[in-house]
Amino acid sequence: MALTHLQQLEAESIHIMREVVAEAEKPVMLYSIGKDSSVMHHLAVKAFHPARPPFPLLHVDTTWKFREMYEFRDRMAKQLGIDLIVHVNAEGLKMSIDPFVHGSTIHTDIMKTQALKQALDLYGFDAALGGARRDEETSRAKERIFSFRSAQHHWDPTNQRPELWRLYNCRKQQRESIRVFPLSNWTELDVWQYIHRESIPVVPLYFAKERPVVERSGGLIMVDDNRMPLAHGEVPGMRKVRFRTLGCYPLTGAIESTADSVIAIIQEMLLARTSERQGRVIDHDATASMEKKKQEGYF
Amino acid sequence: MAAADISHYLEAQQHKGLLRFITCGGVDDGKSTLIGRLLYEAHMLYDDQLAALEADSKKVGTQGGDLDFALLLDGLTAERERGITIDVAYRFFSTDTRKFIVADTPGHEQYTRNLVTGASTADAAILLVDARKGVLTQTRRHSYLVSLLGIRHVVLAVNKMDLVDYARTTFAAIEDEYRAFAKQIGLGDICCIPVSALKGDNILTLSDMTRWYHGPTVMGYLETVEVDHARLERAPFRMPVQWVNRPHADFRGFAGIVTSGIIRAGDRIRVQPSGRESRVARLIAYEGDLTHAVPGQPITLSLADEIDARRGDIISSADAPAGVADQFEATIVWMNEQPMLPGRPYWLKIGADTVTATIAHPKYRVNVNTLEHLAAKRLELNEIGVCNVSVDRPIAFDPYRENRDTGGFILIDRLSNNTVGAGLLHFALRRSDNIHWQAVDVDKRARAIQKGQKGCLLWFTGLSGAGKSTIANLVEKKLYARGRHTYLLDGDNVRHGLNRDLGFTDEDRVENIRRVAEVAKLMVDAGLVVLVSFISPFRSERRMARGLVEDGEFIEVFVDAPLAVAEERDPKGLYRKARRGELKNFTGIDSPYEPPEHAEIRVDTTAHTPESAAEHIIAILEERGAVGSV
């Protein structure tokens, strides 16, 4: 009996994680608290069973995540005994970087891109596993599974190594590092089907619930704490919403939905007419904005 | 969707298969349009993506404002501006029965590398031809590559049928010509479909415009074509060991993917290349132990006996083990701007094993357009050749035709770490089985003790005219005076004898150094202090020489003179000749010199006389104890 599509995707991801552990000196798994991170952690547990995953998880914390994300992260770390490193860009904190004040571009650069580089350098990680998928965005569709970064964390899209069969060339120069994407060939729907099949816990924000939101330039922004400045006369209203993708709360739009379970989400996706990253402010900046960010070192 | 429907849907999803395929065709044959059309028809395009596509189509589209599906796939901005897909892009879509991973690979001749990359993981291929142009050279080239990489199922999509009025005769002529060619190269399962990717004819449903056609639609074919699974299940068991799982002293598991065969607890296995045998004790999985595992499944297995297996070994069925050898014939596809040089050492990765490999002169190169065999001294980017390959220790393997995972390898440049080539193993060479290393009783140490010294290899490298031979000569005299047994191998002298058949091309320079390094190794083995004075311009060959002797025995001496100084000295008048164009491939002029990065000794000849340089070298050698008494 041939393996099903989910089994084959799972097999590929496990194979990739094992290659990284076998060949890298100091690997780490990036943990963003989102559904892809939940799936990645689950795959790592399966890949190395009965041993524990032989690498820590790194959360690059912008300090602007949803409160429920922090609760989920801390609960999971405790329950599953995850070796979790949290890194915040201390300089950014001192500068009081605020996405409402400085905008998404500066916030993302300082609190995410720079913070990630700092953390990788600080701990000397030479391979970082990330949950990015090729279906998310066009520049990712052409990125290799093993993606090399210069000592300055730059990505050169015109100089990528060919990847044949199941053979990944993990060799790198001193001070170069690798970003590895085991979920490259998964789609959003695959991820949810796998979460369903494996009963993987995810942040409750993915499920529809009455939440306080304001409408801003066509998007629904959740008022998650009192750092959010309200315009004169702007009053948060309770709407039944959920999130398809999770990032910093001021930059992540909610969608109106009644899907309050994994099955309901899959059902909603089958009827959905917009793509996953539509709710992300960061992608709307300019054409190929993601490609530029990646060249600069964004994951 | 009602609750009953969704549970039915989810149930069905648990049985859905996966098909990987590639599309090949020329720049204007409509590959990207076809994939865009498949995504569109499979309802994989969301409103915001469609809106972006509409905007892009108006801005940079080539369809006069109509949806230009090609734009969906041209991800990177640089490529988009050039209007060409230059890399392999992967796309996904799904129907009720299968998930599809599409590798979109370009058709330009110089991009053989991308096509081979995309084909290496594909189960099926769609070849596009323009109905107006028929079977072209590039169609033959793509078919050859697809067949070379072991793809067994091919669709010939005769596209743009709308532009030939859906003429049956046009289609039939193309089909006949293609089938004749496919037979010639041994492509088995061919399906020819008349389509218009732009209009959607015969993509999802049979078109009213081609009522004469009764075969499957493109989507229909993709949903039902058999993947290679049944054949792999019947093949003998193989699992390359990826990682040894040792959470505590009482457990040792071997993790890897089953690449062929079915494995059950209790089965007899052989660890290769060591050849030790045991039985499978358990198949461990997160959900609990498995009774059996099938091809493609990642497993961790434990063995009944405590035998050793390392990353890179292959665990095989004991009844039908893999081959073990250190010399092979293979087809090599070269993927790098730096040509493949016979004799140069590369890393070779196969399964989970990495070894050092050298490649002999190509037996022939294949003209991918005509399939003719041509003579070749090296392989350039996008060239394909058949060569003998030797590796530095025996490895387990299967012929590529039988198993892609245990018969396919990549070659990695040892300096840049780039993947520079791909290889498909054919068979082991007989001489590999028949030549054994003869063990001798009087060894290196015994010979060195008799001479009262330690053998070592002093490797002088530098530009012509830097002063290598002069300094090496002085060093030898001083060592001789101290009672050391020495031998000086000089570049010019060796070229009069052992290497007189070699010229100055890159290939010959590599072979020149290989022979000298091997001779030097024998002399070190004999207990001598060997001085080699050779330009030896390439880092990788010096590294190869270093690898031939033991740690600490190789001492690289960089005789450093700036090009201007060496050229000014020009003791043999060679620079003048090279400048006049009378001497080709002269190091420093029209052939590169790669200076050492970590030489044990560097001599700055602008600051030292040869005499003081030689004294300096002797002092360092004594300090290191490199030429001391045993």
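Reader: How many bridges join E9(A) to strand E10 of chain A?
Author: Heads-up: this is a predicted model, where local features need pLDDT of at least 70, side-chain atom pairs count only at pLDDT 80 or more, and totals for chains, interfaces and linings use all residues. Residues are numbered from 1 along each chain as its sequence is written, with chains lettered from A and ligands numbered from 1 in the order written. Strands are DSSP runs of E, at least two residues, numbered from the N terminus, and two strands pair if DSSP finds at least two bridges between them. E9(A) and E10 (residues 253-256) run antiparallel, and the bridges joining them number two.

Reader: Which residue stands opposite Arg242(A) in E10(A)?
Author: Stay with the antiparallel E9(A) and E10 of chain A. Opposite Arg242(A) in E10(A) you'll find Ile255(A).

Reader: And what is the bridge partner of Pro212(A) in E9(A)?
Author: Strand E7 (residues 209-216) of chain A runs antiparallel to E9 (residues 237-242) of chain A, with five bridges joining them. Look in E9(A) for the partner of Pro212(A): Met238(A).

Reader: How far apart do the C-alpha centres of domain 1 and domain 2 of chain A lie?
Author: The bounds, from an automatic or database domain assignment, give domain 1 as 5-190 + 288-296 and domain 2 as 203-283. Their C-alpha centres are separated by 24 Å.

Reader: How many residues of domain 2 of chain A are in contact with domain 1 of chain A?
Author: Contact here means C-beta atoms, placed from the backbone, within 7 Å. Domain 1 of chain A brings 21 residues, and domain 2 of chain A brings 20.

Methods. Helices (H or I, at least four residues) and strands (E, at least two) are DSSP runs, numbered from the N terminus. Two residues are in contact if their C-beta atoms, placed from the backbone, lie within 7 Å.
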